[in-house]
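User: Could you take a close look at one spot where two helices from separate chains meet? I'm new to this, so please spell out the terms as you go.

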Amino acid sequence: MKLQKKQAMVGWGFVSSGALLIFIFYFYPIIRAFVLSFQTGVGVNMQYAGLFNYRRLLTDNLFKTSLTNVFIYLVLQVPVMLTLALILANLLNDRTLKYRGFFRTVIFLPCATSLVSYAIIFRSMFALDGLVNALLMNLNLLAQPINWIGHPWTARLLIVFALTWRWTGYNMIFYLSGLQNIDHSIYEAAMIDGAGGIDRFTKITIPLLKPIILLTTIISTNGTIQLFDETMNITNGGPANSTLSVSQYIYKLSFHYSPRFGYAAAISFIIFIIVAFLAFIQMKVGDQR
Amino acid sequence: MKMNMPTPAIEDKRMTKRKVLKGGKYTFLCLAAFLSLFPLLWMLVSATNKSVDVITGRLIPGFYLGENLKTLLAKANLPRVFWNSLRNASVATIASLIVCSLAGYGFEVYHDRKKDFLMGILLLSMMVPFAAIMIPLFMMFGRLNLLNTTAAFVLPTTSTAFLIFLFRQSTRSFPKEIIEAARIEGMKEFGIFFRMYIPIMKSTFATAAVITFMNAWNSYLWPLIIMQKEDSKTMPLLISNLIAGYTIDYGVLMLAVTLSILPTVLIFLILQKNFADGIISSIR
């Protein structure tokens, strides 16, 4: 008995530093953000203001714009990317495929680039006097260069392209690992019954991968809601805030204009609730498996 | 019997269909591979070209690499910035690996009801988006007078529920007999961890190191807030600054981007399996 108690104590020694750091750098700040969201003031001179910040949120058009933008990215980008990732994973799961390792590595490679770096590469390729316009004009597909980052919808589309380039391979890896867990004999049985390639994909692969598809959907949704590096470096939120993301708005409120920490904290807290809600669904989904 | 045999014409049709399908597959994969590689190849090529050539769409390497490097060195304190990134990311990796492996091992080997409960609480921290806590964190480090320091860069992400969870899960495959045997031989509990566990779990440590190093090297929003002094800037901040001006020197910019991508791409190519393992560890 004494030994067991001693071991339990040693166990606390192992876990204490990790647990303590998480309490200091995650739980304490989120409580602080909650408290801050009821205060107003500039910089560090803060006063209690009740629900003022939250009421202000309801009439803040820029907040609505940033939230709408994020949902536009979500609706346009996530389905396209996940479908592509699923098709690619399905093709690469074929054991008779030649150069399988090469294809996998190359399609996965964009994941090794930092968000800022690839954002800058895309911004440069799609600049007004950039490569894409030059190529399209040389091929006589365009008479005038397109000002990609100068119009709301082309700018949003550019961000969607960029996000798809960076994250498709990432999601493909999830699907590939899921596919490897599917027993090959299921496919063989289906082939004997005369199921074609498309039938096998829609009636076996997709239903069996459903939990992973849900998981990747939630991860991507989560990531999109917290989008920052890309909009900051591809379009800087422009033109006229039409690509501004919520995180970027929080950043600008806190560090660009005169610092409004209280109001920014109120927005942060809304984001926290959205993300926590999504994570809750993720855990529920995880439990069902 | 003969009637059931497929006629040569049908067999022929099937063969062509299969061939077309296979051709389509490879075309699709080649296109995907090309699109994945192209931006990176363009970046490499552009790093060796003059800005004018980059924007007019030159796709072959040039001779301006040296010139671009000279301009870049004049514009920014490149060695200092690269060193900052390397130091911050290395310290972050080592600190994270020590703290999270200890905790993950502790939560598994000495688990009881209280510790399981604590682990459940810690997992909740994965729900906290960084944007929601950056302002309190910034104020905290400001008050501690730690802005512009490696400590401020490293501390908030030293302990993550994700890594603790990763180590806890992989500790399950660590044979308990080894721990028992080592105890009988009189080894101390921490001794078992450092002398038996770490050497055996090398590949888990490699996976955790790859993920942590890449995240730290690529980190942008947090250093953007806390690294206000010129000599504390990191690579992502440097390249992000290069696009701030009115005229952008694309050759120089792409060289800087190449330098910021190089370390992580090398790690990726060498430790690809560990990187993939780290990503998908959340579904196991």
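**Where two helices cross**

Analyst: H7(A) and H15(B) are roughly perpendicular to each other, a label for angles of 65 to 115 degrees (under 35 is roughly parallel, over 145 roughly antiparallel, the rest oblique). This is a predicted model, where local features need pLDDT of at least 70, side-chain atom pairs count only at pLDDT 80 or more, and totals for chains, interfaces and linings use all residues. Residues are numbered from 1 along each chain as its sequence is written, with chains lettered from A and ligands numbered from 1 in the order in which they are written.

Back to our pair: H7 covers residues 152-180 of chain A and H15 covers residues 272-280 of chain B. Helices here are DSSP runs (H or I) of at least four residues, and strands (E) of at least two, numbered from the N terminus. The two axes come within 10 Å and cross at roughly 80°. Those axes are lines fitted to C-alpha atoms, for helices over the stretch in contact, with angles from 0 to 180 degrees between N-to-C directions.

So who's touching whom? From H7(A) come Tyr170(A), Ile173(A), Phe174(A) and Ser177(A), and they meet Ala276(B), Ile279(B) and Ile280(B) of H15(B). Contact means C-beta atoms, placed from the backbone, within 7 Å. By class, that's six nonpolar, one polar and no charged residues; Ala, Val, Leu, Ile, Met, Phe, Trp, Tyr, Cys and Pro count as nonpolar, Asp, Glu, Lys and Arg as charged, and the others, Gly among them, as polar.

How confident is the predictor? Chain B averages a pLDDT (confidence in each residue, from 0 to 100) of 89, and 95% of its residues score at least 70. The model scores ipTM 0.88 and pTM 0.89.

Methods: Two residues are in contact if their C-beta atoms, placed from the backbone, lie within 7 Å. pLDDT is the predictor's confidence in each residue, from 0 to 100.
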